[in-house]
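Dear colleague,

Please find below the structure that I am handing over to you. I should be grateful if you would look at it alongside the notes that come after it.

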Amino acid sequence: MHVPLASPVDSYLAHKEEIDVAVMETLGCGDYILGRQVDHLESEFAAYLGVRSAVSVSSGTDALALSLRALNVGPGDEVITVSHTAVAVVSAIEQVGAIPILVDIERGFYTIDFRKVFEVTTANTAAVIAVHLYGQSVDMESAKRYQKETEIPVIEDCSQAHGASWMGQKLGTFGVLSAFSCYPTKNLGAFGDAGLITTQDQSLGERLRRLRQYGWIEKQRSLEPGVNSRMDELQAAVLRVQLRTLDRRNSRRQEIAARYLSGLSGLPLTFQTIRPRSEHVYHLFVCECAVRDELRNFLSQNDVQTGIHYPLPIHQQPAYQGRLRTSSLSYTEGVAKRVLSLPMFPEITDSQIDYVVDTIRRFPAFN
Ligand SMILES: *Cc1c(COP(=O)(O)O)cnc(C)c1O
């Protein structure tokens, strides 16, 4: 039996009729960029989260970079984040000329450790990017305290946490600005690159709308320097359909996680610690295994595709090695050798999940 890690095409096939209609209507409309589909998506996404403003952009990376720009973060400013995340986060920080400062993650949760954030905060700290990892919230209590005590803005990176919540409140509503990627495999995925930024601050929303299109306040009139980071109508049309079923697909992800957890209990694997009072939406289902590479090979031999998020911490990647400022990242470095992501997507069948579980149970090192 073949089991992929993720399968955006299955998510298309599951909603083919609706998506086909939306795409065909858009093709015939005459607007292809920043038109009515985008307008509707922005208001529907803002309403879904309960924020004042949602601004669409070209990607999750741009959503982070434009968020920093909108907060006037630039050359010489320090931005604190983690090394155990997508390279996109550090790429966005350097895009605006700021200096990434990387700290370690919390044991078991894998998300930014705010005790470390407090330790590396200086007069030059301009923002923190807190990544909600694998579908679960960062320690929002500490994030809120940090913001209150230092008045330094915390930007939420919700690229893996569309629809997740903390204490009943959706992620993407706490930060001054929150960034979302809508890359095809994300919980809310387009069929190309796309991203969204949310904020409760209308004037920041207005500024982002300018920055994403050459700083225009009206056509051909730039108030400030901006970029081109616009969303296509086609991506917006697809995302509107996907948004309508996001909660249902997230519930299915939770069911899949529960089936894995019960099927894999008793094995020498550890799983992400569940944060109290938070709702996990399982963008990824990650386990830690001492013989990770052997297990991964065994699964691959049995046609089960897995992933590693993330195999090499950012500060150890060739592009960044030896030049990024970090505090001790010993836990991050260890975790990178042990984490393994199992197949996780809403359309996976129960028999595929059971096949993954049975294969892991047959893994020689576990017997
Ligand atoms: C996917 C992702 C991004 C980057 O998004 P793109 O749309 O690929 O630019 C940023 N941060 C995190 C945590 C992600 O998972």
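The following notes describe a sheet in this model and a helix that lies across part of it.

Please bear in mind that the model is predicted.

The sheet is open and consists of eight strands, in the order E1-E9-E8-E5-E4-E2-E3-E15, with mixed pairing. Strand E1 (53-57) and strand E15 (325-326) stand at its edges; each has a single partner strand, so one side of each is left without a neighbour in the sheet. In general, the strands of a sheet pair through backbone hydrogen bonds, in either a parallel or an antiparallel sense.

Strand E8, residues 178-181, offers a good place to begin. On one side, E8 is joined to strand E5 (residues 154-157) by two bridges, and these two strands run parallel. Within this pair, Asp 157 is found opposite Ala 179 of E8. E8 also pairs with strand E9 (residues 195-199), here in the antiparallel sense and over four bridges; Phe 180 stands opposite Leu 196 in E9. Both faces of E8 are covered as well: Ser 178 and Phe 180 are buried on one side, and Ala 179 and Ser 181 are buried on the other.

Turning to the E15 edge, strand E3 (residues 99-103) and E15 run parallel and are joined by two bridges. Leu 102 has Thr 326 in E15 as its bridge partner.

Finally, helix H5 (residues 87-95) lies across strand E2 (78-82), E3, strand E4 (125-131) and E5. Its direction is at about 150° to that of E3.

With kind regards

Technical notes
Residues are numbered from 1 along each chain as its sequence is written. This is a predicted model: local features need pLDDT of at least 70, side-chain atom pairs count only at pLDDT 80 or more; totals for chains, interfaces and linings use all residues. Side-chain values use heavy atoms; hydrogens and water are left out. Buried means under 20% relative accessible area, exposed over 50%, partly exposed in between (1.4 Å probe, protein chains only). Two strands pair if DSSP finds at least two bridges between them. Contact means heavy atoms within 4.5 Å. Axes are lines fitted to C-alpha atoms, for helices over the stretch in contact, and angles run from 0 to 180 degrees between N-to-C directions.
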